[in-house]
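Reader: I am in my first year and still learning how to read a helical model. Could you take me slowly through a single part of this one, explaining how its pieces sit against one another?

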Amino acid sequence: MLDDLVAADVYSIALVFCRIGAAMMLLPGFAESFVSPRIRLMIALALSVVVTPVVAETLPPLPSGVFNGFVLIVGEIVIGVFMGAMVRFFVSALHIAGVVIGFQTGLANASFFDPSNAQQGSVIAAFLNLVGIFMIFVSDLHHLMLMSIADSYTVFRPGAPLPLGDFSQSVIRVLSDSFVLGIQFAAPFIVVGTIFYAGLGLLGRLMPQVQVFFIAMPLQIMLAFFIMALTLSAGMLWFLSRFQESLLRLTGQG
């Protein structure tokens with residue numbers, strides 16, 4: 001009797017850990033390369049222990065066969081990866097904005113190691129990624145990320161068939177929203193850059209002897225930093241509001 005009870009408790013925690021652990025591999029701030037895998041594992045285990053009593057009613061009974069248990073575990077991992085990827089896709093709007101701003105400001109060739117994406121990238125994109133993750137934790141939106149995973153048990157019940165069609169539609173919608181948000185974030189730089197390049201083109205036609213490149217580059221960088229100082233706070237507030245809406249929509253609350 002006691003052995004059966006202990007086995008059921010271990011099974012419940014392990015099943016919840018499959019979803020939460022898979023999501024932790026992709027969630028912004030938790031899945032970064034500078035976060036130790038041991039710390040990530042400890043957080044996932046602690047969350048699994050806390051969440052298991054809350055979602056215990058939605059968990060299926062202990063499977064009778066190995067194959068049934070394997071299918072159940074794979075389904076939970078797929079759902080966890082989906083939840084983490086949705087949040088990661090939306091945060092990638094900052095990377096898109098950084099790349100666009102880099103091309104508009106002439107800083108696209110200024111490479112810097114982006115710890116959020118674990119690769120070389122534009123210095124503006126790396127800066128915006130770090131600021132975005134910092135603001136998510138400062139504004140306690142990481143709590144909403146973790147709550148969305150717990151609430152996902154009401155939307156995606158363990159053992160139920162995976163809604164692959166809904167998954168694909170959600171991925172398309174989040175990626176399109178992320179791209180639109182990135183362009184909106186970089187819109188002031190696009191407008192000013194277009195006007196600036198048009199003025200340089202006109203200057204080059206009126207005065208061909210002027211070295212436009214040597215005059216434009218310092219002015220372009222100074223103008224970019226000035227616009228960044230004016231728009232960064234408003235852009236981050238807009239990103240945080242859209243990020244919150246995306247999380248609520250992901251769990252069917254928005």
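Author: A helix here is a DSSP run of H or I with at least four residues, and helices are numbered from the N terminus. The model is a predicted one, and the part to look at is helix α3, together with the loop that comes before α3.

In that loop, between α2 (37-55) and α3, lies T58. The relative accessibility of T58 is 16%, and because buried means under 20%, T58 counts as buried. A polar atom of the T58 side chain lies 2.7 Å from the backbone oxygen of V55, and, leaving aside residues up to four places away in sequence, T58 touches Y153, R157 and P158.

Y153 also belongs to the contact between two helices, and such a pair can be described in a simple way. Two packed helices are described by the angle between their axes and the distance between the axes. For α3 (residues 66-105) and α5 (residues 141-155), the axes come within 11 Å and cross at roughly 145°, and the crossing is right-handed. On the α3 side the contact is made by E76, M83 and V87, while α5 contributes M145, S148, I149, S152 and Y153; these residues divide into five nonpolar, two polar and one charged.

The second partner to consider is helix α6 (residues 164-185), which packs with α3 at an angle of about 20°, the axes being 7 Å apart. Because angles under 35 degrees count as roughly parallel, α3 is roughly parallel to α6. This crossing of α3 and α6 is right-handed, and by class their contact has 20 nonpolar, four polar and one charged residues.

Definitions and conventions:
Residues numbered from 1 in each chain as written. Predicted model: local features only at pLDDT ≥ 70, side-chain atom pairs only at ≥ 80, totals over all residues. Heavy atoms only, no water. Axes fitted to C-alpha atoms, helices over the stretch in contact; angles between N-to-C directions. Helix = DSSP H or I, 4+ residues; strand = E, 2+ residues; numbered from the N terminus. Left-handed = near helix turned anticlockwise from the far one by under 90°. Contact = heavy atoms within 4.5 Å. Nonpolar A, V, L, I, M, F, W, Y, C, P; charged D, E, K, R; others polar. Parallel < 35°, antiparallel > 145°, perpendicular 65-115°, else oblique. Buried < 20%, exposed > 50% of the residue type's maximum accessible area, 1.4 Å probe, protein only. Polar contact = N/O pair within 3.5 Å; in protein donor to acceptor, adjacent residues only side chain to side chain.
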